[in-house]
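Dear colleague,

Please find below the structure that I am handing over to you. My findings follow directly after it.

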Amino acid sequence: MYELIEQARAAIAGRLLVTPKVGLILGSGLGGLADDLEQAAVVPYAEIPGFHAPKVHGHRGELAIGLMEGKPVAAMRGRFHFYEGHSMQEVAFPVRVLKALGCETLIVTNAAGGLRPDWQVGDIMRISDQIFLPGMVGNHPLRGENDDRLGPRFPGVVGAFDNELVPLAREVAAAQGTTLREGVYCMLSGPAFESAAEIRMLRIWGADAVGMSTAPEVIVAIHGGMRVLGFSLITNLAMPDGPPANHAEVLEAGEQAKPRFSALIRGILSRM
Ligand code: HPA
């Protein structure tokens with residue numbers, strides 16, 4: 001894998017006008033968050049070794065590297081999902097490449113179902129912790145031989161979401177009049193949305209939001225020693241007695257929240 005990371009890095013690095021310091025993963029419907037980068041280089045995933053063309057509607061497939069609020073970022077417009085058939089290693093591979101390109105911080109975003117009845121569609125939740133269910137039962141991106149050049153065999157995960165960016169995110173949200181929820185994100189494989197019994201189980205487990213991404217990318221970022229900040233856009237409420245979730249509402253909520261979400265990310269970047 002080390003060689004493939006280097007090949008991907010080399011395929012991208014030659015085209016860059018800036019060296020990215022912050023990696024940004026844009027989830028369902030949020031790809032437009034980094035549309036207007038300055039000094040941008042845009043590399044289609046198809047041209048990056050180890051990357052795949054996206055198959056999910058609402059996900060673009062390109063890496064855009066440039067300045068956002070004057071900060072050099074590498075924005076993934078679209079990500080890979082386990083439910084598409086990729087292995088967890090493939091899902092998290094781009095994070096290795098972001099790190100190799102120079103990113104020390106990873107900002108992850110996703111669309112998620114809210115598990116708290118008092119929350120609303122359009123709420124933004126900072127991910128204060130995660131439950132990586134597929135990883136807990138064996139679908140883990142660090143399974144297999146460890147490459148010590150990339151990180152430790154047994155990385156610690158407690159406290160991974162606690163860093164200096166958290167108070168910053170809270171301040172920026174408050175200044176913008178955006179309520180910033182905080183909670184635990186649980187990743188399930190998908191692609192089916194949860195059953196009523198699964199939703200009840202997730203609530204008992206202490207999850208506040210549920211989705212089908214992010215956790216493997218976060219684990220690999222931690223493994224590589226990156227600083228992590230994560231946000232979920234609550235695109236629907238996952239309620240045991242509610243209507244079933246659907247992909248159209250997920251994209252619609254992403255579209256609605258884009259200005260607020262974008263302002264939050266930009267505000268954080270501007271003060272980093
Ligand atoms: N469940 C799982 N993934 C999701 C949801 C949901 O309700 N909403 C957006 N992604």
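Which residue in E7 is the bridge partner of Phe132? In this predicted model, that partner is Met187.

The pairing belongs to a longer set of contacts: strand E6 (residues 124–132) and E7 run parallel and are joined by 8 bridges. Strand E7 itself spans residues 180–187, and 6 of its 8 residues are buried. E7 also pairs in the parallel sense with strand E8 (residues 209–211), through 3 bridges. Here Cys186 stands opposite Val210 of E8. Together with helix H5 (residues 196–205), E7 and E8 form a right-handed β-α-β unit.

Regarding the cysteines, Cys186 counts as buried because its relative accessible area is 0%, under the 20% limit for that class. Cys103 is likewise buried, at 0% relative accessibility. A disulfide is a covalent bond that links the sulfur atoms of two cysteines. The search of the whole structure found 0 disulfides.

Turning to the ligand, the residues around it include Phe193, Val210, Gly211, Met212 and Thr235. Val210 is thus both the residue opposite Cys186 and one of those around the ligand. Three further residues place atoms by a nitrogen atom of the ligand:

- Asn236, with a polar side-chain atom at 2.6 Å
- Glu194, with a polar side-chain atom at 2.8 Å
- Gly113, with a backbone N or O atom at 3.3 Å

On its own, the ligand has 260 Å² of accessible area, and the protein covers 95% of this.

Yours sincerely

Note on methods: Residues numbered from 1 in each chain as written. Predicted model: local features only at pLDDT ≥ 70, side-chain atom pairs only at ≥ 80, totals over all residues. Heavy atoms only, no water. Buried < 20%, exposed > 50% of the residue type's maximum accessible area, 1.4 Å probe, protein only. Helix = DSSP H or I, 4+ residues; strand = E, 2+ residues; numbered from the N terminus. Pairing = 2+ DSSP bridges. Right-handed = clockwise from strand over helix to strand, strands pointing away. Disulfide = S-S within 2.5 Å. Near = heavy atom within 4 Å. Polar contact = N/O pair within 3.5 Å; in protein donor to acceptor, adjacent residues only side chain to side chain. Areas by Shrake-Rupley, 256 points an atom, 1.4 Å probe, with all protein chains shown as cover.
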